[in-house]
Amino acid sequence: MSKTKSIALLSAGHACVDVHQGAVAALVPFFVAERGYGYAAASGIVLAASALSSVAQPLFGALTDRWAMPWLLPVATLLAGAGIGLCGVSASYTATLAFAALSGLGVAAYHPEDARVARLAAAGGGHRAMAWFSLGGNVGFALSPPLVWAVASLGGLRMSPLLALPALVGCALCLPALRAVRSAGGAAGPAAGGAGGDDVGSFVRLSLAVVCRSVVFVGLSAFVALFAQQRTGGGPVAGTAALFVLYLGGAAGTVLGGRLADRWDRVTVCRWSYLATAAAVAGIVTVPGPALYGFVALASMGLYVPFSLQVTLAQDFLPSRVGTASGVTLGLTVSVGGLAGPLVGGLADATSLRTALAPLALLPLLAWLLLRTLREPAAPRAAADIGPAPGQAAPGPPGAGRAATGP
């Protein structure tokens with residue numbers, strides 16, 4: 001199987017998993033409407049999906065640094081789907097939190113290993129290949145609001161088991177990709193590190209910037225649907241449309257980020273993206289009416305242009321611990337944003353949703369400050385250039401390196 005096809009299958013499987021990750025926020029308006037949850041209670045469900053993931057994902061990343069665990073991909077996909085499918089079954093708030101946490105655990109187990117396999121499938125882990133891989137997740141996020149709306153329209157939250165169906169598709173898609181990578185000698189061993197040393201200081205600063213991004217994205221994901229209903233005077237369709245635009249803009253931003261990084265270095269692209277994001281979030285809070293959707297799209301693109309670039313940057317800052325780097329940037333720092341969700345919800349309950357969302361415009365500026373003096377890391381040598389690990393067969397021809405292209 002060609003590298004392009006392998007990346008495409010992994011990207012499609014990634015979409016199926018992130019349908020369930022995006023569904024958590026997409027379900028919030030329905031929990032508010034059907035169960036009468038307040039903003040803080042509704043955001044607690046988002047927190048439940050994020051909290052366990054924030055702890056577990058770096059641990060799974062560390063494990064994949066020591067052992068290859070490709071079997072995690074289908075198992076984790078099923079867990080992510082089962083948790084979301086069960087969220088609407090019980091009227092118990094505690095049970096709903098538990099099922100959301102189960103889905104978060106599946107997401108946590110999936111991403112570090114999938115990022116490792118995608119880097120191997122790209123035969124060099126270039127940032128454009130990672131952008132195409134990340135695009136699948138963005139598409140999954142974008143599909144979750146209309147999917148949740150369609151399922152809830154059939155009979156409300158009690159129809160939520162239908163939301164587990166993408167997990168079955170995801171399992172079917174990842175298996176041939178795993179066989180292809182295994183036949184090429186990639187999935188059988190842990191991710192090979194680069195030849196350079198770890199730059200822990202730069203990695204920590206990058207991770208803090210990703211935390212700022214995460215708080216903004218989770219805050220918008222949890223409440224932009226309800227905010228759009230208030231600002232436009234529309235109903236659930238208006239809210240679903242806003243969330244769809246937020247997630248779909250991420251797909252465009254991810255592809256754009258890979259292309260911009262071909263012209264400028266990744267750190268520079270990330271810096272400018274965060275400045276643009278600050279202006280876009282300010283527009284969401286201040287501009288009334290349908291123009292809101294344009295600023296949601298701009299904010300989404302600004303948040304996602306640096307997304308895949310930050311993953312490859314983290315891997316290049318920690319070349320000896322690629323799984324850990326992936327687990328932190330894809331998991332811990334992203335999930336920490338969920339911890340801020342109840343704070344935003346509590347402030348909205350005490351004041352207004354507009355007042356609660358306004359501070360989110362400041363966090364991209366903080367991310368810009370963290371990256372302002374960060375330097376682009378040297379491109380790591382591919383594993384084939386370094387030589388085989390002890391006890392392993394010599395690898396095949398070196399891949400395309402950092403500039404590898406996706407499908």
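**Exercise 1. Describe the overall fold: which contacts dominate, how many helices and strands are there, and what share of residues is buried?**

Step 1. Among contacts (heavy atoms within 4.5 Å) between residues at least 6 apart in sequence, 86% join residues at least 24 apart.

Step 2. The model is predicted: local features need pLDDT of at least 70, side-chain atom pairs count only at pLDDT 80 or more, and totals for chains, interfaces and linings use all residues. Residues are numbered from 1 along each chain as its sequence is written, and side-chain values use heavy atoms, with hydrogens and water left out.

Step 3. The protein has 15 helices and zero strands. Helices (H or I, at least four residues) and strands (E, at least two) are DSSP runs, numbered from the N terminus.

Step 4. Of the 407 residues, 56% count as buried. Buried means under 20% relative accessible area, exposed means over 50%, and partly exposed lies in between (1.4 Å probe, protein chains only).

**Exercise 2. Which residue spans does the UniProt annotation "transmembrane region" cover, and what is the helix content of residues 202-228 and 234-257?**

Step 1. The unreviewed UniProt entry gives this annotation to residues 36-56, 68-86, 131-151, 163-181, 202-228, 234-257, 269-287 and 325-347. Such annotations may be inferred rather than shown by experiment.

Step 2. Residues 202-228 are 100% helix and 0% strand, with the end C-alpha atoms 38 Å apart.

Step 3. Residues 234-257 are 92% helix and 0% strand, and here the end C-alpha atoms are 33 Å apart.

**Exercise 3. How many salt bridges are in the structure, and which residues are linked in a network?**

Step 1. A salt bridge is a side-chain nitrogen of Lys or Arg within 4 Å of a carboxyl oxygen of Asp or Glu. The whole structure contains two.

Step 2. Arg266 pairs with Asp316, with the closest N and O atoms 2.9 Å apart. This pair links distant parts of the chain, 50 residues apart: Arg266 is in helix 9 (residues 266-286) and Asp316 in helix 11 (residues 307-317).

Step 3. Arg266 also forms a salt bridge with Glu376, at 2.7 Å from N to O. Glu376 is in the loop between helix 14 (363-371) and helix 15 (383-386), 110 residues from Arg266.

Step 4. Arg266, Asp316 and Glu376 are therefore linked in a network of salt bridges.

**Exercise 4. Is Arg266 buried or exposed, and how is Glu376 classed?**

Step 1. Arg266 counts as buried because its relative accessibility is 0%. Asp316 is buried as well.

Step 2. Glu376 has 26% relative accessibility, so Glu376 counts as partly exposed.

**Exercise 5. Where is Thr96, and what does its side chain reach?**

Step 1. Thr96 is in helix 4 (residues 93-121). Thr96 is buried because its relative accessible area is 0%.

Step 2. The Thr96 side chain reaches the backbone oxygen of Ser92 at 2.9 Å.

Step 3. Leaving aside neighbours within four places in sequence, Thr96 is in contact with Phe31, Arg35, Tyr37, Ile45, Cys87 and Ser90.

**Exercise 6. Is Leu168 buried or exposed, and which residues form a nonpolar patch on the surface?**

Step 1. Leu168, in helix 6 (residues 165-183), is exposed because its relative accessible area is 52%.

Step 2. Leu78, Leu154, Leu162, Leu165 and Leu168 form the patch, with about 470 Å² of accessible area together. Patches are made of residues with over 30% relative accessible area and no salt bridge: like charges are joined within 9 Å, nonpolar side chains (Val, Leu, Ile, Met, Phe, Trp, Tyr) within 5 Å. Accessible areas come from the Shrake-Rupley method with a 1.4 Å probe; for residues, only the protein chains shown count as cover.

Methods:
Polar contact = N/O pair within 3.5 Å; in protein donor to acceptor, adjacent residues only side chain to side chain.
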